[in-house]
Amino acid sequence: QPSGPPRLSPGRPALPAPPAGSRGRLAPHVAAMSDGSDGPESLGVAHINQHGKDFFGGVLSCSWMENKGRILRSTRNYQPGEVILVESPLHIVQEQDKSAAFKKLQKLCKDFEDDFDYEPLWYWCAVQSLTPDQLKGAKAEGCTGATPDVQRNLLLLHHEEVREASSAAKILARELAPRADPIIIERLIQIWVLNCFEYSDNPQGYSTYFFSSFMSHSCYPNAVWHYTGADHVLRSRREISIGDEVCISYLPESTLLQSAPARRMELHETKQFWCDCERCVSGVDDLSRGLWCPKCSKGRVFAKTPEAGPAKDASLLASQLIGVECEACGEKVSKADAGKLAVSEKKLHDIVEKIVEKNLSVDLATIKQHEAFIDKHFAQHVLADLAWEQFCSHYAAKHKVSDHSRLLQRRVEFHKEAYPGLSGAHAWALEALGDCLKSSSSSNGSAAEDERHKVASNKSAPTKKRVWQVAAKEETTTAKACYDQALQILRLMFGDDHEYVLDVEAKIV
């Protein structure tokens, strides 16, 4: 059940959770603007393009493709970091604990628990998207609704064809808004579930954006959204040429580092499609599933991405490793060896799951054993990164600074290698490494000061240069280099004035 977008990473606020867009699919660069058409009139492509011209100068053009639905293409060239457009919300809905209508809706969700699959806020969003005429005679006060123009644009957003209203929509019409058509309510429910963005935490609220909702997803997006106040700012995160389809990620930055099976299943469960973008298309190297070659133990072997179409679950299958070639020795992985590699993946998955889901406290000796297991089998793997994330927390709690910084360095390297473009997760890993080194430098500086006082009070003590002082200086320099690298990424993705950038700049000063 959708319950709001996931957070990006520990300690970082969530970016807007992207909508389901047109059909949620991206083909690598679309060659010609003329390939698409307006499609069926009910899709509103002409209306969408007029909106784009009126509000954004026509920088993006909407068209319809039979195999994808509505998409947006660029009408000009962009370099990474350039602002493409800024869009205000189409509609905002928040929880209203003092509203009699919202209280009644919450009670309906409890009284008819088997009929209401989502949290109350999702249904409240639909009710608050009804027009004043549809809300006349409402059985509780507090429904403010939306203008007919806003509802018209909402109904143009992506949702599956509705032939029959759900029992929840019928109950809402009967018990709350008797003049509203249950089919319209059902459509609005789907539209909010598939197209909303996180707007506020307290009170919890969601927002929808019109033009941005027609952008397709890619696990290698060429654009990224961020907030400026309530507005969405769309920036290029890769070079974009005239005619290219402009795509964002519907996944959090950290999830873009996941394996292809995990990403595809997440998108299927939350946005109801199977991704076949250039990182998910069947048969390419999955750079988040690299293991050491079972023959030479020196070269990496990367699993292949899953077959196209539906998958049973997000399992990392042995079949995706059969026949892959080692980068070093050139040997191909046999069926038997693929099975062994898959067993290692399952073992590491279970290790991570136990620590995360059961909040398991792990002693340092056990962590060292887990690290040795990872080093033996995993060359460039997201499960290793997830394990290191947990181990870092334990090392930090035990004040094991050298171990903490060592694993942060490994995480930084994985993020750099597993994702080919600008990555917020990579930037935040660099920032975390900078924080660790800066903290270590401060501790070493205090130790050096204590040592200096000892020398001053002991005339017979040696006067050689203190190693502590050298280490502290080197760590400070390395920390600044990490912050600088993080800033290069964050400025391009979010702009100079974004809080992510300002937070890192403050640490350098």
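## A buried charged pair

Glu345 is buried, with a relative accessible area of 2%. Its salt-bridge partner is Arg289. In this predicted model, the closest N and O atoms of Glu345 and Arg289 are 2.8 Å apart. The pair connects distant parts of the chain. Glu345 sits in helix α9, residues 335-357. Arg289 belongs to strand β11, residues 285-292. The two residues are 56 residues apart.

Is Arg289 buried or exposed? Arg289 has 0% relative accessibility, so it counts as buried, the cut-off being under 20%. Both ends of this bridge are therefore buried: Glu345 at 2% and Arg289 at 0%.

## Other salt bridges

The model holds 23 salt bridges. Side chains of opposite charge can pair when their charged atoms come close. One of the bridges joins Glu327 and Arg300, with the closest N and O atoms 2.9 Å apart. Glu327 lies in the loop between β12 (300-304) and α9, while Arg300 is in strand β12, so the pair ties together parts that are 27 residues apart in sequence. Arg300 counts as partly exposed, at 25% relative accessibility.

Lys507 and Asp435 form another salt bridge, 3.0 Å from N to O. This pair also links distant parts of the chain. Lys507 is in helix α15, residues 499-508. Asp435 is in helix α13, residues 424-457. They are 72 residues apart. Lys507 is partly exposed, with a relative accessible area of 24%. Asp435 is partly exposed too, at 30%. Elsewhere, Lys368, Glu371, Asp403 and Arg406 are joined into one network by salt bridges that share partners.

## Helix α7

How far apart are the end C-alpha atoms of helix α7? The distance is 20 Å. Helix α7 covers residues 182-195. At 1.5 Å a residue, its 14 residues should span 20 Å, so the distance in the model agrees.

Helix α7 is mostly covered, with 11 of its 14 residues buried. The buried residues include Ile184, Ile185, Leu188, Ile189, Ile191, Trp192, Val193 and Leu194. Glu186, Gln190 and Asn195 are also among them. An α-helix has 3.6 residues a turn, so residues three or four places apart point the same way. At the start of α7, Asp181 makes a polar contact: a side-chain oxygen of Asp181 comes to within 2.9 Å of the backbone nitrogen of Ile183.

## Strand β9 and its neighbours

Why is strand β9 described as largely enclosed by the rest of the structure? Five of its six residues are buried. The strand runs over residues 231-236. In a regular strand the side chains alternate between the two faces of the sheet.

Strand β9 pairs with β3 and with β8. With β3 (residues 83-87), the pairing is antiparallel over four bridges. With β8 (residues 223-228), the pairing is antiparallel over six bridges. His232 of β9 stands opposite Glu87. His232 is also the bridge partner of Tyr227. The β8 and β9 hairpin has two residues between the strands. In this hairpin, Gly229 takes a positive phi near 65°.

## Backbone details in loops

The peptide bond between Asn202 and Pro203 is cis, with omega about 0°. Pro203 lies in the loop between β5 (197-201) and β6 (204-208).

Gln272 has a positive phi of about 65°, although it is not a glycine. Its place is the loop between α8 (260-271) and β11. Gln272 counts as partly exposed, at 43% relative accessibility. Ser297 also has a positive phi, near 65°, and is likewise a residue other than glycine. Ser297 is found in the loop between β11 and β12.

## Confidence

The chain has a mean pLDDT of 87. In all, 86% of its residues reach 70 or more. Where does pLDDT stay under 50? One stretch is residues 1-35. For these residues the model has 126 contacts beyond four places in sequence. Residues 445-470 also have pLDDT below 50. That stretch has 10 contacts in the model beyond near neighbours in sequence.

Note on methods
Residues numbered from 1 in each chain as written. Predicted model: local features only at pLDDT ≥ 70, side-chain atom pairs only at ≥ 80, totals over all residues. Heavy atoms only, no water. Salt bridge = Lys/Arg side-chain N within 4 Å of Asp/Glu carboxyl O. Buried < 20%, exposed > 50% of the residue type's maximum accessible area, 1.4 Å probe, protein only. Expected span 1.5 Å × (residues − 1). Polar contact = N/O pair within 3.5 Å; in protein donor to acceptor, adjacent residues only side chain to side chain. Pairing = 2+ DSSP bridges. pLDDT = per-residue confidence, 0-100. Contact = heavy atoms within 4.5 Å.
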